[in-house]
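Student: Could you take a close look at one part of this model with me, starting from a loop? I'd be glad of one connected walk from there through the parts you find worth a visit.

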Amino acid sequence: MNIEELREYCLSKPGTTEETPFGEDTLVFKVGGKIYALTSIGSYESVNLKCDPERAVQLRDEHDFVRPGYHMNKKHWNTVLVGTGISVRMLQELIDHSYDLVRASLPKGVQAELAAAE
């Protein structure tokens, strides 16, 4: 999955916005104002994704391409190396998991607005 495919996939999720709040090189995807994915634009080698803490440890143990979140809370974030054996399907599943975790943490009113927009 190249960066444009990543961008298109993330933007297909309801309520997703894209921003560059950390500088022009870091592309951030948010739902309800909260980050669920971020990557470097200039050197697209990985993507940081939120993850359930237990699943995060399991994924790191099972896959060389999943590491503790770079510059992130290592308990809740993974850095997934792209182009190193991860399938597009698995990357999409990890993006979905991240999006779903963040969406579920939003206030009920925001969740209802997203559900109504679907």
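Tutor: Let's start with His71, which sits in the loop that runs between β5 (66–68) and β6 (77–81). Keep in mind throughout that this is a predicted model. The backbone of His71 deserves a glance, since its phi is near 60 degrees, a positive value in a residue other than glycine. With a relative accessibility of 65%, above the 50% cut-off, His71 counts as exposed.

Now compare another loop residue. Tyr44 belongs to the loop between β3 and β4 (46–50). Its relative accessibility is 18%, and because the limit for buried is under 20%, Tyr44 counts as buried. Leaving out residues up to four places away in sequence, Tyr44 touches Met1, Asn2, Ile3, Leu6, Thr39, Val82 and Leu91. You can also look across to Leu81: it is 37 residues from Tyr44 along the chain, and their C-alpha atoms are separated by 9.2 Å.

One of those partners, Leu6, brings us to a helix packing. Helix α1 (residues 3–11) packs with α3 at an angle of about 40 degrees, and the two axes are 11 Å apart. The two helices are therefore oblique to each other, and α1 passes α3 in a right-handed crossing. On the α1 side the contact is made by Leu6, Tyr9 and Cys10, and on the α3 side by Gln92, Ile95 and Asp96.

While you are on α1, have a look at Arg7, which lies in this helix. At 28% relative accessibility, Arg7 counts as partly exposed. Setting aside residues up to four places away in sequence, Arg7 touches Glu18 and Phe29. Ala37 is 30 residues from Arg7 along the chain, with 10.0 Å between the C-alpha atoms.

Next, the aromatic rings. A pair of aromatic rings is described by how far apart the centres are and by the angle of the planes. A search of the whole structure turns up one aromatic pair. It is formed by Tyr36 and Tyr99: the ring centres are 5.2 Å apart and the planes stand at 80 degrees, so the pair is edge-to-face. Tyr36 is in strand β3 (residues 34–40) and Tyr99 is in helix α3 (residues 88–105), so the pair ties together parts that are 63 residues apart in sequence. Both partners count as buried, Tyr36 at 0% relative accessibility and Tyr99 at 3%. Tyr99 has another neighbour to look for: Lys13 lies over the face of its ring, at 5.2 Å from the ring centre.

Staying on α3, we come to Arg103, which lies in this helix. Although its side chain may catch your eye as a charged one, what does its accessibility say: buried or exposed? Arg103 is buried, with a relative accessible area of 14%. Neighbours within four places in sequence aside, Arg103 is in contact with Pro14, Val31, Gln111, Leu114, Ala115 and Glu118.

That contact list leads to our last stop, helix α4 (residues 108–117), whose axis comes within 8 Å of the axis of α3, with the two crossing at roughly 125 degrees. α3 and α4 are therefore oblique to each other. Here Arg103, Ala104 and Ser105 in α3 meet Gln111, Leu114 and Ala115 in α4.

Key. Residues numbered from 1 in each chain as written. Predicted model: local features only at pLDDT ≥ 70, side-chain atom pairs only at ≥ 80, totals over all residues. Heavy atoms only, no water. Phe/Tyr/Trp six-rings, centres within 6.5 Å; stacked < 30°, edge-to-face > 60°. Helix = DSSP H or I, 4+ residues; strand = E, 2+ residues; numbered from the N terminus. Buried < 20%, exposed > 50% of the residue type's maximum accessible area, 1.4 Å probe, protein only. Lys NZ or Arg CZ within 6 Å of the ring centre and 35° of its normal. Axes fitted to C-alpha atoms, helices over the stretch in contact; angles between N-to-C directions. Parallel < 35°, antiparallel > 145°, perpendicular 65-115°, else oblique. Left-handed = near helix turned anticlockwise from the far one by under 90°. Contact = heavy atoms within 4.5 Å.
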